[in-house]
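Reader: Hi! Could you walk me through this one? I'd like to start with how far to trust it and then wander around a bit.

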Amino acid sequence: LEASLTKIHHRTIDLHRTDTTGQIRTLQNYLTARLQFFELNQPIHYQVIGFEVDGVDLYVFYESLNIPLPKNLRVRSEVLFEFNLQEINIVNIEIGEKKVSKKLIFPENEVVFR
């Protein structure tokens, strides 16, 4: 992801820095264009509230305020697909007590949770 963001922004992006303010904004802009959530074809708007780097894995945390729990959630993800045609996106969703994980392998870019 750092390499992809560096190519896009034409400057070095280091997600391991301790100052995360600018990094969260950079992630928000990147993800807004490549990761969307929908309930009954209505977009669900979200904010990146933080992230955690664990070795080579990056966990990004989002929140959406003032919406009811979705019954059918559609996720469209094209994260890193523009730079790696072998990218696999693992989508972990937790709604209430229900937890589901699904893989998106390029060119597949959508998954529905019911």
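Reader: So, what is the mean pLDDT of the protein?

Author: This is a predicted model, and its mean pLDDT is 86. A value of 70 or more is reached by 97% of the residues.

Reader: Where is confidence lowest, and where is it highest?

Author: The low end is strand E6, residues 88-95, with a mean of 84. The high end is strand E1, residues 35-39, at 93.

Reader: Let's take E1, then. Is that strand largely enclosed or not?

Author: E1 is largely enclosed by the rest of the structure, because four of its five residues are buried.

Reader: Which strands does E1 pair with?

Author: E1 pairs with E5 over five bridges, in the antiparallel sense. In that pairing, Gln36 has Arg76 of E5 as its bridge partner. E1 also pairs with strand E2, residues 42-44, again antiparallel, over three bridges. There, Phe38 stands opposite Pro43.

Reader: And how many residues sit between E1 and E2 in the hairpin?

Author: Two residues lie between E1 and E2. Leu40 is in that turn, and its phi is positive, about 50°. That is a positive value in a residue other than glycine.

Reader: Is Leu40 buried or exposed?

Author: Leu40 has a relative accessible area of 61%, so it counts as exposed.

Reader: Nice. Which other residue has a positive phi without being a glycine?

Author: His10 is one, with phi near 55°. His10 lies in the loop between helix H1 (2-9) and H2. With a relative accessible area of 71%, His10 is exposed. If you want a sense of distance, His10 and Gly50 are 40 residues apart in sequence and 23 Å apart in space, C-alpha to C-alpha.

Reader: Back to the strands. What does E5 do on the E8 side?

Author: E5 (residues 73-77) and E8 run antiparallel and are joined by four bridges. Val75 has Val111 as its bridge partner in E8.

Reader: Which side chains of E8 point to the buried face?

Author: Val111 and Phe113 do, and they are buried. The side chains alternate along E8 (residues 110-113), with Glu110 and Val112 pointing to the other face, where they are not buried.

Reader: Anything odd just before E8? I'm wondering where the cis peptide bond is.

Author: The cis peptide bond joins Phe106 and Pro107, with omega about 10°. Pro107 is in the loop between E7 and E8.

Reader: So what does E7 pair with?

Author: E6 and E7 (residues 98-105) run antiparallel, joined by eight bridges. In that pairing, Ile88 stands opposite Ile105. The two strands form a hairpin with two residues between them, and Gly96 takes a positive phi near 65° there.

Reader: Let's zoom in on Asn89 of E6. Why does it count as buried?

Author: Asn89 counts as buried because its relative accessibility is 8%, and the cut-off for buried is under 20%.

Reader: What polar contacts does that Asn89 side chain make?

Author: One is with the side chain of Ser77, at 2.9 Å. The Asn89 side chain also reaches the backbone oxygen of Val79 at 3.1 Å. Leaving out residues up to four places away in sequence, Asn89 touches Ser77, Val79, Phe81, Lys102, Lys103 and Leu104.

Reader: And Arg34, which residues is that one in contact with?

Author: Arg34 is in helix H2. Setting aside neighbours within four places in sequence, Arg34 is in contact with Ile8, Arg76, Ser77, Glu78, Val79 and Glu82. Arg34 and Ile88 are 54 residues apart in sequence, and their C-alpha atoms are 14 Å apart in space.

Reader: Last topic, pockets. What volume does the largest one have?

Author: The largest pocket has a volume of about 1,400 Å³. It is lined by 40 residues, and the closest to its centre are Leu35, Val60, Tyr62, Ile90 and Asn92.

Reader: Which elements give two or more residues to that lining?

Author: Those are helix H2 (21-34), E1, strand E4 (57-63), E5 and E6.

Reader: Which element gives the most?

Author: E6 gives the most to the lining of the largest pocket, with eight residues.

How values were computed: Residues are numbered from 1 along each chain as its sequence is written. This is a predicted model: local features need pLDDT of at least 70, side-chain atom pairs count only at pLDDT 80 or more; totals for chains, interfaces and linings use all residues. Side-chain values use heavy atoms; hydrogens and water are left out. Buried means under 20% relative accessible area, exposed over 50%, partly exposed in between (1.4 Å probe, protein chains only). Two strands pair if DSSP finds at least two bridges between them. pLDDT is the predictor's confidence in each residue, from 0 to 100. A polar contact is a pair of N or O atoms within 3.5 Å; within protein, one must be able to donate a hydrogen and the other to accept it, and residues adjacent in sequence count only if both atoms are side-chain atoms. Contact means heavy atoms within 4.5 Å. On a 1 Å grid over the protein atoms alone, a cavity is a set of points where a 1.4 Å probe fits but cannot get out, and a pocket is an open set with protein on both sides within 12 Å along at least five of seven lines; lining residues have an atom within 4 Å of a point. Grid points are joined across faces, edges and corners, and a volume is the space filled by probe spheres set on the points.
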